[in-house]
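User: Hi! I'm new to reading protein structures, and I'd like to understand why things get the labels they do. Could we go through this one together?

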Amino acid sequence: MSQAEAEAFEEYCLANPEFAKQVEFEQRLKLGLAQVARGPTAEFVRSNQPVRWKIAAAAAVLLGLSAAFYAFHGNPAGSRPLLAAVSGDAQQAGSTMRLALVRGAETSPVLQGGLVRVEIVGLFDTGIHYSVTLDRLQPKKAIDTLATLYGQHPSSPMTLEVLIDSDQLEAATYSLRVRKQSSDEEALDFNFVKY
Amino acid sequence: MDFVPGGELSRRIRAGDVSAEGELIRQFEPGLRVLLRRRTGGDHALLQDLVQDTLLVVIQRLRGAGIDDPQKLAAFAAQTARNLAIASLRKAERQRTDIDSDLTDRNPDPAQGVEERAADLEAALAVRALLRELPQPRDRLMLKRFYLDDHDKDFICKEMDLSEAAFNQALSRARRRFRQILEERGFSKRDLLSLGL
């Protein structure tokens with residue numbers, strides 16, 4: 001702006017007080033922004049570095065996922081479900097426990113350690129879904145339900161199989177309760193112990 | 001505020017109309033502040049003094065001999081302000097003495113610049129309030145680019161993928177709100193009070 005233009009501008013400001021006020025507010029705004037930018041406040045950090053905030057958010061998410069991944073894979077014993085369906089031959093290895101309703105039996109089957117394949121013997125309808133519930137039985141206490149599997153299919157008309165991670169169970173008496181889903185038929189209870 | 005032509009103001013002041021003097025002050029004070037701010041280097045106290053001195057000179061002149069062309073009252077007031085600013089600079093030059101700058105730095109006068117600091121603080125507080133209210137981080141960034149980085153509108157629009165209309169709207173909204181915040185804090189009243197009205 002030349003000297004003459006600057007003077008014309010100044011005289012315009014004098015003749016137009018509202019315009020002059022707006023100019024002054026602009027000056028104040030600029031001054032205030034400079035003050036804030038110099039200070040320790042984070043206003044411009046937020047606005048000036050949106051990418052950094054995105055990176056920080058992404059890092060937080062990544063950290064959370066890493067923690068979750070470690071929880072599931074870094075500690076295999078803790079990650080395995082207590083009660084699981086049997087799928088494929090890979091789970092043939094390990095110990096097996098057979099459960100059957102035997103009239104007059106005085107002893108209960110014993111659950112070994114590790115991952116145990118449990119064969120529940122009975123008469124099953126292969127076209128029906130069954131639910132299998134693992135309960136802990138404690139004297140003079142309410143039944144403590146630990147896990148339930150739904151939608152289980154018998155592997156044969158005589159056998160329904162599930163997997164139990166015995167290492168997650170403390171020494172106690174347990175029951176596997178098998179019930180036909182969508183049916184009011186009485187459930188079958190198969191007891192066993194873990195030492 | 002209704003604008004009163006210079007000729008009419010001159011006539012009424014010459015006739016002894018005190019309310020016309022008040023109108024002249026309200027009308028010229030904002031423009032004088034803009035004009036003198038550039039010439040006082042951020043010295044708020046000097047700025048206030050020069051605004052008052054200018055208004056006094058103009059009113060006394062109108063009460064007495066008057067001016068040659070009353071229609072050019074704004075130009076007369078502007079030239080008076082420029083002359084007073086130059087005189088103030090010359091006076092400061094004459095009064096300047098050699099100082100021990102190291103000693104001055106070590107012992108700053110806490111009273112000096114209080115008004116400037118207050119004005120800075122007030123502006124900073126208002127800006128913080130404004131920034132808190134801005135809904136989009138983009139708006140904060142836009143203000144910074146425009147006012148602090150001195151980027152022009154076209155550059156900012158291109159950089160931030162903004163349309164010109166969106167830019168104008170956001171800037172206008174921010175200006176309006178900033179002014180509102182400052183006025184709520186009594187900015188305008190305080191400036192008038194400082195003129196002794």
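User: What makes β1(A) and β6(A) a pair of strands?

Analyst: Happy to help, and keep in mind that this is a predicted model. Two strands pair if there are at least two bridges between them. Strand β1 (residues 83-85) of chain A is joined to strand β6 (residues 159-165) of chain A by 3 bridges, so the pair meets the cut-off of at least two. The two strands run antiparallel. For one of the bridges, look at A85(A), whose partner in β6(A) is V162(A).

User: How do you know that β3(A) and β6(A) pair?

Analyst: The reasoning goes the same way. Between β3(A) and β6(A) there are 7 bridges, and at least two are needed, so they pair. These strands, too, run antiparallel. In this case you can look at R117(A), which has L163(A) as its bridge partner in β6(A).

User: Why is L115(A) called partly exposed?

Analyst: Let's count its neighbours. L115(A) has 16 C-beta neighbours inside 10 Å. A residue is buried with 20 or more and exposed with 12 or fewer; 16 falls in between, so L115(A) is partly exposed. You will find L115(A) in strand β3 (residues 115-121) of chain A.

User: Which residues is L115(A) in contact with, beyond its neighbours within four places in sequence?

Analyst: They are G94(A), L163(A) and D165(A). What makes each of them a contact is a C-beta distance within 7 Å. As for C-alpha atoms, those of L115(A) and D167(A) are 7.5 Å apart in space, with their positions 52 residues apart in sequence.

User: What does chain A look like as a whole, read along the sequence?

Analyst: The pattern is α-α-α-α-α-β-β-β-β-β-β-β-β, with 5 helices and 8 strands in the chain. Of the 195 residues in chain A, 18% are buried. If you take the contacts in chain A between residues at least 6 apart in sequence, 58% join residues at least 24 apart.

User: How many residues of chain B are in contact with chain A?

Analyst: There are 32 residues of chain B in contact with 30 residues of chain A. Several helices of chain B each supply at least two residues to that side, including α4 (73-95) and α9 (164-184). The largest share, 9 residues, comes from α2(B).

User: What kinds of residue make up that side of chain B?

Analyst: The side of chain B that touches chain A has 22 nonpolar, 2 polar and 8 charged residues.

Key
Residues numbered from 1 in each chain as written. Chains lettered and ligands numbered in written order. Predicted model: local features only at pLDDT ≥ 70, side-chain atom pairs only at ≥ 80, totals over all residues. Contact = placed C-beta atoms within 7 Å. Helix = DSSP H or I, 4+ residues; strand = E, 2+ residues; numbered from the N terminus. Nonpolar A, V, L, I, M, F, W, Y, C, P; charged D, E, K, R; others polar.
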